[in-house]
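Hello,

I am passing a structure on to you, and I hope you enjoy looking through it. Please have it open while you read the notes underneath.

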Amino acid sequence: MMQLQCLAAIMRGAFNEIYIDADTLGFIETNQAARDNLQYSEAELAAMTPVQIASGLDLDALAALLQPLRTGDTAQATLDTIHVRKDGSSYPLQCRLFHCAAPETGGAATFVLIGNDVSTQHASAEALGISESRFHAIVSNTPGLVYQFVWRPDGQTSFPYLGDGCRALLGITSEHLRSVPSQFVELILPIDRPSYLESMAASAAELKSWNWEGRIWIDAWRDVKWINLRSTPRIAKNGGVQWEGIMSNITQSKLEESEIKQSRARLAELSAHVDRVKEQERTRIAREIHDDIGGNLTAIKMALSLLTNRLPANNPVLRDKTAYVELLVDRTIDSAHMIARDLRPSILDFGVVAALDWQTRESEKQLGFPCQFSANVSEIELHPDQATAIFRIFQEAMTNIAKHAQASRVGVNLIRHDAGVTLKIADNGVGIAAADCLKSQSFGIRGMVERAQAMGGELTVGPVAGGGSVVTVELPLSAD
């Protein structure tokens, strides 16, 4: 009697469904959870058998399942069924059956059936299956290798997960890499390993995204490959750091990047060569104009003066004609000098400081507002190409100020320092936006930048406090 009392107490407090099933396969007693879930009263269940509430359950199959419990060959049995409620709805149930031969029943075969509603578990399993299938679909269609990487406090590493792209990317199987995680570092070229380890340590210390590019040696193909590693860190359960991310092959993009750099370098060399040839041709033409044409014009003027002095005093018409021709010769001589000066100012022969000082005063005359020049030395020894480049940059900068700045003052400062030469041209105009410097039609600024870079220097354009802009040119001293 005590055993049945204890069993009744358990049944009342149980959340799972409990049925008491006798040798007749009928229900002796059911708990409240079973009655509530099935929507039957205790009397209604007492008049029913398991096959009436379990869809598809066969009495012979149930008897065969209970037989080992009767004989004591097994302690419990399990059974998965679909139970049908009174309203016709159904739910999955996972049942466990135990044999209980109580003295009060005279040794009759009595069974305890404990049922657990697994509908939530089935829904979770189904959702998990859907999630896993989606994950595998995403991973299989992701270019590169999806992976998990763990760095433990003792310095040991592991790859808990490696996608299907391991062999295609690294030339080794995922099984091999998981069993020998150190193999990955050995794949990295020795020259790139320090950057890999430093970036990993920085990501682990700051828990910031890990982004690394480097080269690996694929022994299977006897080839070098560029890879990019992008992952996000988090603290692992063991106190270490775990990353989830993607490794991808960037060899092709690196090759294209290298080709673009080489192409730009060749283009810069060509541009610098064109500028040098152009300046040389300008110098030659200026010299020819000054020496040849200028000399011939001077000789013409002298011969004309001699003829004028021998003309009859009583012939004013001839004297007026000769005076007019002499005026034309003077104008032509001035034009020749101006053209030669524009092609290559002879003032450059006296040094870049004198040339910039002269050009500043000439610009002041043309612009009509103050232009001040200062230098910390009286002379700077520069390579002729550098002197020409800095002079042309200055001319272009003053031209831009005249066209666009709407300024009323310009300051020019030339500084000689240990590293090289710095030229600053500042105005108080409307300024220039950074986007304007990048416009495709900004040939002036682009030309200045290319001239500076061709000489190994750098040119920047920026704002000035209070309004205006400043062009800064940095040129190193030539090794020559």
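Here is what I found, going from the whole chain to its parts.

Please keep in mind that this is a predicted model, in which local features need pLDDT of at least 70 and side-chain atom pairs count only at pLDDT 80 or more, while totals for chains, interfaces and linings use all residues. Residues are numbered from 1 along each chain as its sequence is written, and side-chain values rest on heavy atoms, without hydrogens and water.

**The chain as a whole**

The chain has 16 helices and 16 strands; these are DSSP runs numbered from the N terminus, with helices being H or I of at least four residues and strands being E of at least two. Of its 480 residues, 36% are buried, where buried means under 20% relative accessible area, exposed means over 50%, and partly exposed is in between (1.4 Å probe, protein chains only). The accessible surface is about 27700 Å², and carbon and sulfur atoms hold 55% of that; areas come from the Shrake-Rupley method with a 1.4 Å probe, and for residues only the protein chains shown count as cover. Among contacts (heavy atoms within 4.5 Å) with a separation of 6 or more, 52% are between residues 24 or more positions apart.

You may wonder how many disulfides there are. The count is zero, taking a disulfide as a pair of cysteine sulfur atoms within 2.5 Å. Two cysteines that are buried are Cys166, at 1% relative accessibility, and Cys371, at 6%.

**A hairpin and its neighbour**

Strand E4 (residues 76-84) is a nice place to start looking. Its side chains alternate: Ala77, Leu79, Thr81 and His83 point to one face and are buried, whereas Gln76, Thr78, Asp80, Ile82 and Val84 point to the other and are not. E4 pairs with strand E5 (residues 90-99) in the antiparallel sense over nine bridges; two strands count as paired if DSSP finds at least two bridges between them. In this pairing His83 is opposite Tyr91. Five residues lie between the two strands of the hairpin, and Gly88 has a positive phi near 95° there. E4 is also joined by two bridges to strand E3 (residues 54-55), again antiparallel, with Ser55 opposite Ile82.

**A five-stranded sheet**

Next comes an open sheet of five strands in the order E8-E7-E11-E10-E9, with antiparallel pairing. Its edge strands, each pairing on one side only, are E8 (157-162) and E9 (210-218). On average, neighbouring strands are turned by 30° against each other, direction ignored; axes are lines fitted to C-alpha atoms, for helices over the stretch in contact, and angles between N-to-C directions run from 0 to 180 degrees. Helix H10 (residues 193-206) packs on the sheet and touches E7 (145-151), E9, E10 and E11, and its direction makes about 150° with that of E9. Within the sheet, E10 (residues 223-235) and E11 (residues 241-249) are joined by nine bridges, and Ile227 stands opposite Asn249.

**Two nonpolar cores**

A nonpolar core here is a set of buried Ala, Val, Leu, Ile, Met, Phe, Trp, Tyr and Cys residues joined through side-chain atoms within 4.5 Å. The largest one has 36 residues, of which Val352, Leu414, Leu423 and Ile425 touch the most other members. Elements giving two or more residues to this core include H13, strand E12 (371-375), strand E13 (410-416) and helix H16 (443-454). Helix H14 gives the largest share, ten residues. Leaving out residues up to four places away in sequence, Val352 touches Glu379, Ile380, Leu382, Ala387, Ile390 and Leu414. A second, separate core has 25 residues, among them Phe149, Leu169, Met200 and Met247.

Thr360 is in helix H13 (residues 352-367) and is buried, with a relative accessible area of 1%. Beyond its neighbours within four places in sequence, Thr360 contacts Cys371, Gln372, Phe373, Phe394 and Val412.

**Two loop residues**

Gln39 is not a glycine, yet has a positive phi of about 70°. This residue lies in the loop between helix H2 (32-38) and helix H3 (42-46) and is partly exposed, at 35% relative accessibility. Arg222, also not a glycine, has a positive phi near 55°. Arg222 is in the loop between E9 and E10 and counts as exposed because its relative accessibility is 57%.

Best wishes, and happy exploring!
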